Structures are given as C-alpha cells and as structure tokens.
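Me: I am new to this structure and should like to learn how to read it. May we go through it feature by feature?

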Amino acid sequence: MSIGRGETNDIALPFDPAVSRLHAVIVRFHGGWSVRDVGSRNGTYLNGQRLLSEQVLRPDDEIRVGGARMVFRCDQGALHGGTAQPNDHIPELTRRERDVLLALCRPLLGAETFAQPASTKMIAAELMIGEAGVTYHLGNLYEKFRIPADADHRRARLADEAIRRGAVSRSELGPQSTAEKL
C-alpha cells in the first residue's frame, strides 16, 4: 500500500506540500505488516520517531506522513493470519538459544524489503561457535516454537514465530552482534 502526494497512491495526500510524491509504503509480509519510508524529504514517523529502516506495525501504531496522522488498526487474529493459538506463549529459552534466536532474526530489520533470516553459517560467525552448535540450538528452538520438521522455510517460520510471540523485540535486534555487546 503506497502513501504519498501522487494521486495514484493507495493513500493519496495531494494537498500536503510536506508529503513526497511517493512517501512511504505499508507492506504485508508472512507474519503481519510493516511500514517503510521510501526516501521522502520530510521523513515518515512511527509513534513519534522518524523511521530509519522498515519497522513492523502493531495495532494502534501511529504513522505520521507530513501533516497526516494515521492509526494502524488490525486485530491480533488478522495480524497473524488467523486466530490466536493455544501455544502462543513464549517458551523458556536458554541463554545460548536466545542468542541464536536474536542472530537468526537480526537481518529481518535491515533495509531489504524481502530480507531472509540469518543462515546457520552467519549465526555461527556472529556468535563465534561452530555450525553444528547452531544446528543443535536451532533444533531445540524448532521444537520449542513447534515448527514442524517437514515445514517449508523453517528458519523463516521460526523467526516469524519468535517476533510474533514477543520472544524477540526490535530493540534487541540492533546492528551490533552479541559479541560486540559484551
């Protein structure tokens, strides 16, 4: 969904000079919705903070474009493609499982529209452990988040579930690696 001054946008704001012709986009992805500024001159704001990268939308988030203020409305069931599941709790994670989960999800908040979760090799390099160790912890995480062994795109589904359930937050997925945080 496009937002901008141009009349061909899905949300057209033709009379606001602070809005660029194509200002921002709202994108549907597997686990919900996100908003991204597309190089506007005056910026796009989410909950009062200027967007520096694509951000996941939550119900009642406020998006400001120029003088227009929009509130994202979506019930939790529709946001995640269905009704809440009985297993929507956050499973108990070991410290290393949590590190692996954060490293897995970190690329999803980059500038790429269709970013993929980190590969086993990328996670191993970031955490300075062997790929076999990463595979072991991913296996535990698949089980804890109930991602079936025969599921397509297991890493993507695991990352989606972790973010959806709140096991991983955007603030934890900054650009620095776990090793740099220590």
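**Strand pairing and confidence**

Reply: Let us begin with one pair: Arg-64 has Arg-69 in β9 as its bridge partner. This is a predicted model, in which local features need pLDDT of at least 70, side-chain atom pairs count only at pLDDT 80 or more, and totals for chains, interfaces and linings use all residues. Residues are numbered from 1 along each chain as its sequence is written, and side-chain values use heavy atoms, with hydrogens and water left out.

Me: How many bridges join β8 to strand β9?

Reply: Strands are DSSP runs of E, at least two residues long, and helices are runs of H or I of at least four, numbered from the N terminus. Two strands pair if DSSP finds at least two bridges between them. Here β8 and β9 (residues 68-71) run antiparallel and are joined by 4 bridges. Their hairpin has 2 residues between the strands, and Gly-66 takes a positive phi near 60 degrees. β8 also pairs with strand β5 (residues 44-46), in the antiparallel sense over 3 bridges, where Tyr-45 stands opposite Arg-64.

Me: Which side chains along β8 are buried?

Reply: Buried means under 20% relative accessible area, exposed over 50%, and partly exposed in between (1.4 Å probe, protein chains only). In β8, Ile-63 and Val-65 point to one face and are buried, whereas Glu-62 and Arg-64 point to the other and are not.

Me: Which elements have the lowest and the highest mean pLDDT?

Reply: pLDDT is the predictor's confidence in each residue, from 0 to 100. Helix α6 (residues 178-181) has the lowest mean, 40, and β8 (residues 62-65) the highest, 96.
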